[in-house]
Structures are given as structure tokens and as C-alpha cells.
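Me: I am new to this structure and would be grateful for a close look at a single part of it. Please begin with one helix and then set that helix in its surroundings.

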Amino acid sequence: MFSRKSAGQPAMLAAVLSLGLAASAHAGTLVINTDTSDPAPKAAFEAAIEGFKAENPDVEVKWNIFDHEGYKTSIRNFLTAEAPDIAAWYAGNRMAPFVNAGLFEDVSDVWEGNGLNESLASAASSMTIDGKKWGVPYTYYQWGIYYRQDIFDDLGIEVPKTWDELKAAAAKLKENGITPFAIGSKALWPTGGWFDYMNLRVNGYEFHMDLTAGKVPYTDPKVVEVFDKWSELVEPGYFLENHAAYDWQEAVPFFVNGEAAMYLMGNFAVDLFKSGGLTEDQLGFMQFPEITPGLPKAEDAPTDTIHIPANASNKEDAKKFLAYVARAEVQTQMNEILGQLPTNKGSKRPEDKYLSQGFEMLSEAYALAQFYDRDARAEMAKAGMEGFQEFMVKPGNQDRILERLEKIRSRVYK
Amino acid sequence: MNRPAAISGTTTFWQRHQRQAAPWLFLAPGAFMFLVYVILPIFQSMWISLYEWDGIGEKTFIGIANYVELFDDDAFYTSLKNNVIWLVLYMLAVPAGLFVALFLNQTVFGIRLIKSLFFFPFVLSQVVVGLVFAWFYDPSFGLLAQVFEAFGLKPIAVLADEDYVTYGIIVAGLWPQIAYCMILYLTGLNNISPEQIEAGRLDGAKGIRMLWHVVLPQLRPATFIAVVVTVIGALRSFDLVSIMTDGGPYGSSRVLAYYMYEQALSEYGFRMGYGAAIAVVLFAIMMVYITVFLVRMFSEERGAR
């Protein structure tokens, strides 16, 4: 998930070059570092910065765009060496290393002073560590199952609402020679989406958060239950064969060609589905079905954020910028460009079919998880997703995998 | 020396020691670079391997805890096992290269072109080699899958199968490595003395016996270099693993070099100390070969004098 935008290697050169540009700023200059190397995020930030400049003509803005992948390494360098005044990053546990190392500034006062606790309420918990707020969210997007409406109609399959219906639909698709679920697990993170939803639906949000926070052993019977349920889909071969050989983009053709009928993904995939030739009539979106009856439904909704580094030299203007980006109309504008959802509840609802469905789903959600590799610690996330991938190829190794994950958990969260 | 006495009487220190000093002066820039960029980092890695460090926070001294953890780490043993498989199978490049070289060591029309075509894979970047083989192995549109289907067999997803994946990558690695060994042998074959071949022929040697007793002994220097570069190539097999599988599926194609990168520098890593500990182990393994290499080189140089 974390690396969804491009499969490329970090463009270190670009990162190094822009590092030089981030050099010292005098008062009145606002240095902003972002990882918005892709066209839409870049345009969204450009709009926000232009708007901010128009309102604050005395502030000179210096904006450094980093390569999306390279940024993950660069941020570690520039936060310690030549800190900008604003840095883009991600919510949840992903920001914890920087918060714990004292590299991000506490911005609780920005939240207090601008009523953000109200307007950004849904994202508040994912921005909070030790009771303080460490940044401002500006966009998020939903995860869920995208399905082929036309194939469902042909085979007379209703949109599944429960676990049994989902299994029945999968069985019917399989009988007709169609792979029920497309997935490409080469980059590992797509398996994290499956685990998140299985755990959120079987055990609920609180347990999922405890697990990703390292408070529960992976050998816990409740985790075992998740894998038992999951294997009801893995054992019959409902997932795309050889999925470990494909990236998520490489699994899309199976879905577009009608060889697979469902795809658990984030909303960013719609772009690729559409450019592959699917129309809005062919492509449907559904919430992940209920597994444990009556359990309140939480969803995965990764949130992108901006932060003030602790070593920033112009914190005053940086706080102004944070407050500006938190505003309803600014988020409306940015997310129209991004094709994602604004975190401010006063923002205009999106008109896009999938976004408006996602918006509705998320506004009724019991709680929002970030994503396995943003909620769990990096080391645990890597080992965990590797385990999920192994499980999806060799479900028989379940016990061994869980024991291994437990060993890693007890070391990582000691 | 027929120098006038007036000059030789006033020789400076520089003039007296010029001959001894010159080689060291010429070596100095290179030696300095080698010291700063090769020798010092080795000791730095050993030092870092005793710490727990994420690259941004405080370093914590933890003694040999990284090594203790390493010897209880399944992923480490997978990587080590794969490194051994790499070492053994990569050695096939040496006889294969010899075979191709013998085959191409002819004087017929256009042989230069053919030789350069055989050398072609070595010119390609490893990244390109990895990509080409990844497509070759692709279970849906790859050439291998097509061949399997032509015979009515179910295609194997080589790079997604924990049992085949390492072998699949090694085959990709052998392609350029064979070309490299071939070039080494071709140059070696150029230097074979025709008299000895002639003498062998008079004594009735031909075929395998000629190859084994007359040709191969003369190719010993080439064989030695080919073995050394192949061993080192096998141990640092990082690029192909990174390009073709990212160490997957579920870490089963990792080698030590890749595991080190993953732990120390990749998206989910930043455990500098642990990565350094892996690097030290890898260095220790390489050291065995490097020592053998150096000892032999010195003894041969002495023998030649």
C-alpha cells in the first residue's frame, strides 16, 4: 500500500538534488517538502500553495518535490539535517518513529485554535500519539471490493453482504471458470489489505488495533480464527493463480479481461480499471461483507498528512499553512484534483461514482484503520505481509507462519 | 653513470631516493582512495554491527546481540542456504564457458561476429537480464509458459514458487556469466603454444586426452581467474534478486547481500546494526576466497621469479 504509486526503485539522485534546495530559510520563507512526484498529487499541492500565497503575500514559499519512493529515505535525512518547515508524510504508526525521535512538532494548538477537532474528527485518532496531535490530514481514500457488475449480472450473482454469500458467489464464479478474486502479491502489501479486512470483520477494530500495536500474540486463538476463515477462500483456489508472480497492476488485466471478477483494492485502482477499458456500468464497488454477525464495521482508509518538523525554522508560517490546508474549501479543491476524499467534514462531497459510495461507507464506518503496513511497525509489517503471502500460497503452513510471526512480534515490541 | 662530478657532489635527498619513492608516490592517490572507501568502511561496518541504530536516532551499544539474533533468524538461514546454492551452481559457468570457447576457437569466415554475439549477454546490464528473464518466466505470457503449454503441460510460475525461484534466478545469472568465462578462455586459448599441441599430436594425443593433458594445463591462469570472478559474482548476487523477485515469494529467494539491503536500507528496514552484522558475515565468507586468491597469487609470483 505504502508503495502503491510506482514499482520503481528510489530515485536517489532526484532526492539528493532536491535536498540541496531545501537549504536554510530566513524568516518569511516557508520551505515545503513533498513526495508528490505523480501528476495528480503534484497539481493538488500546487493549487494549495498558490492559494496560500495569494492569502499571505508576505510569505515566500519554497517547494521541493521529491520522488515518491525516494522520499521515504530522504525524509530521514532532511528531518535531522536540513529540516524544511512542512513535510508530507502518512498517518498512524508510520509517523511514530519520527514522533518518538522528537523530529515532528506537536501541533495540538493548531487543532485547538482552528476547531479541527470538530472538522477533522474522523481522522483525529490516527493523528494522535500520547494525547497530542502531530500533523494535519488532507486526503484519504477507501478500500473495498471492486467487482465486475456485468459478470455478476450474467451469472445472476447478487452483491454479497455476508461471508456465506461471498463464498457462494466465489464458488459460482469458480464453477464458471472465472477466478473469483484478482490479487498480485509480489509487492506483498496487497495481502495486508486482505488480512486487515479479515481481522476487522472477524474480530473487530479494537482487536485489530491491539494486534497491530503488538499487544496480542499472533498465536492467539482469535488470530487463528482469522486464518481459518481466510483459508475457506484460499483452499478452494479462489484467488488468482500464481499471484506471487504479479504486482497489483499486473493482476489488473485478469480483472479487466473478465478472467477474474473481484478485486480488493484501494480507490486509486479505479484509474487503472477505467484506462483498461472498464465502464462505470461494468465496474461496481461494494463494502467488504460481514463475517461475525453484528460486529460494527471498521474500514481501511489510509490518510496522507502534512507535518512540521521539530527543527523547522519558520514554525509560525508553517502553522498558518497547516490551518490553511485543513480548511474545508481547500480540501475540496485539493481532493477534486487528487480524485480522493477530503478529511474535512465540511468539504463538498465528491461526485464520482466510486468516491461518493466510498464517502458514504466511510462516514458510517465504526472506525478507520490506516493499513496494515501503516498501523503495524515497519519490521512487523514486512514479516507479517510475507507470512500472509506464504499463507495465500501454502495455507497448510499456517501454524508455522503464525509461530514465526509471534517470534518476530515478541522481539519487535519488546 | 657518467655524470659530471660537480653535479653528483650536490645531490639532494629527492635525487638520491627518487627511484625508491616514485612508485609510492604514484600509488599514493589510489592507496588513499582504497583506504578511505574500502578499508575504513569494513571496520566501520564491524563497529556499527555492535549497535542498535535506525539511522536517525541514538545508537545503542548492544554488543554481539545482533549476531545472536542472526543465528536464530530463519530468514538468515534461508539466505545462507541460497548463497550456497548460488556458489555451487554458478560454478557451472566455468566449464560451460570453456566449452563455448573451445567451440568458437576456430578460424572460419565470420567467427568474429559469432564470438561477439556470444559475448553479447555480458554487455547487457544485469537489470536488463533480470527483466528479460522475468518476462521469460511469466506464467501467463512468458515464453517458458508457451513452451509448457505447447507440450500440454501446466506452466510453472518459476518466480512465484519457493522451490524453483532460486534456480530460476541462477539460470538468468549464468547467461552473462558464461559469456564472461568464455571471453577469459578465448584469450587464454590465443596464448597456447602451437609447439606443444604439435608435440602432443606426434605422441598420438587427441580429443579429451589432448584437452585434459595439453590444453587445460596451459589454460590454468584463465581457469583461476574464471573461478574467482564466478565465486565473487555468486556471493554478491544482489541485482538479479532485487529485479526479478524482491527476495520473494515470502523471502525464499533472498541471498545474504539482499537480506542485508532489506534490513538496513529498504522501506521496511532501517536496522543499520543488524544489516551491518549480515554484511560482516558475508565479508567473512568472501574473505575465505579472497585469502585463497591472494595466497595463490603471491606464491605464483614467487615461483615465476
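Reply: In helix α12 of chain B, the buried residues are B:A222, B:A226, B:T230, B:V231, B:A234 and B:L235. The model in which this helix is seen is a predicted one. Helix α12 covers residues 220-235 of chain B, which amounts to 16 residues. From its first C-alpha to its last it reaches 23 Å, close to the 22 Å expected at 1.5 Å a residue.

The chain that holds this helix may be described next. Chain B has 15 helices, helix α12 being one of them, and two strands. Of its 305 residues, 32% count as buried. The radius of gyration of chain B is 26 Å, whereas a compact globule of 305 residues would have a value near 19 Å. Along the principal axes, the C-alpha atoms of chain B fill a box of roughly 90 × 70 × 30 Å. When contacts in chain B between residues at least 6 apart in sequence are considered, 66% of them join residues at least 24 apart.

Further along chain B, the loop between α13 (239-244) and α14 (256-265) contains B:D246. This residue is not a glycine, yet it has a positive phi of about 55°. B:D246 is partly exposed, with 19 other C-beta atoms within 10 Å; a residue counts as buried at 20 or more, so B:D246 falls short of that class.

Chain A offers a counterpart to this loop residue. A:L188 also is not a glycine and has a positive phi, of about 70°. A:L188 lies in the loop between β8 (179-182) and α10 (189-202) of chain A. With 27 other C-beta atoms within 10 Å, A:L188 is buried.

As for chain A as a whole, 20 helices and 13 strands are assigned to it. Its radius of gyration is 21 Å and the globule rule gives 22 Å for 414 residues, so chain A is as compact as a globular protein of that length. Its C-alpha atoms fill a box of roughly 65 × 50 × 40 Å along the principal axes. Buried residues make up 52% of the 414 residues in chain A. Among the contacts in chain A with a separation of 6 or more, 79% are between residues 24 or more positions apart. The domain assignment divides chain A into domain 1 (12-140 + 303-351) and domain 2 (143-300 + 377-412). The centres of these two domains, taken over C-alpha atoms, are separated by 31 Å.

The two chains can now be considered together. Their contact takes 20 residues from chain A and 17 residues from chain B. On the side of chain B that touches chain A, eight residues are nonpolar, five are charged and four are polar.

There remains the matter of the interior. In soluble globular proteins, nonpolar side chains tend to be buried together. Here the largest nonpolar core has 189 residues, among which A:L322 and B:I278 touch the most other members. Helix α9 (residues 165-190) of chain B supplies the largest share of this core, twelve residues. At least three residues come from each of domain 1 and domain 2 of chain A. Apart from its neighbours within four places in sequence, B:I278 is in contact with B:L70, B:L256, B:Y259, B:M260 and B:Q263.

Notes: Residues numbered from 1 in each chain as written. Chains lettered and ligands numbered in written order. Predicted model: local features only at pLDDT ≥ 70, side-chain atom pairs only at ≥ 80, totals over all residues. Contact = placed C-beta atoms within 7 Å. Nonpolar A, V, L, I, M, F, W, Y, C, P; charged D, E, K, R; others polar. Core = buried A, V, L, I, M, F, W, Y, C linked by C-beta atoms within 7 Å. Buried ≥ 20, exposed ≤ 12 C-beta atoms within 10 Å, placed from the backbone. Helix = DSSP H or I, 4+ residues; strand = E, 2+ residues; numbered from the N terminus. Domains from an automatic or database assignment. Rg over C-alpha atoms; globule rule 2.2 N^0.38 Å. Expected span 1.5 Å × (residues − 1).
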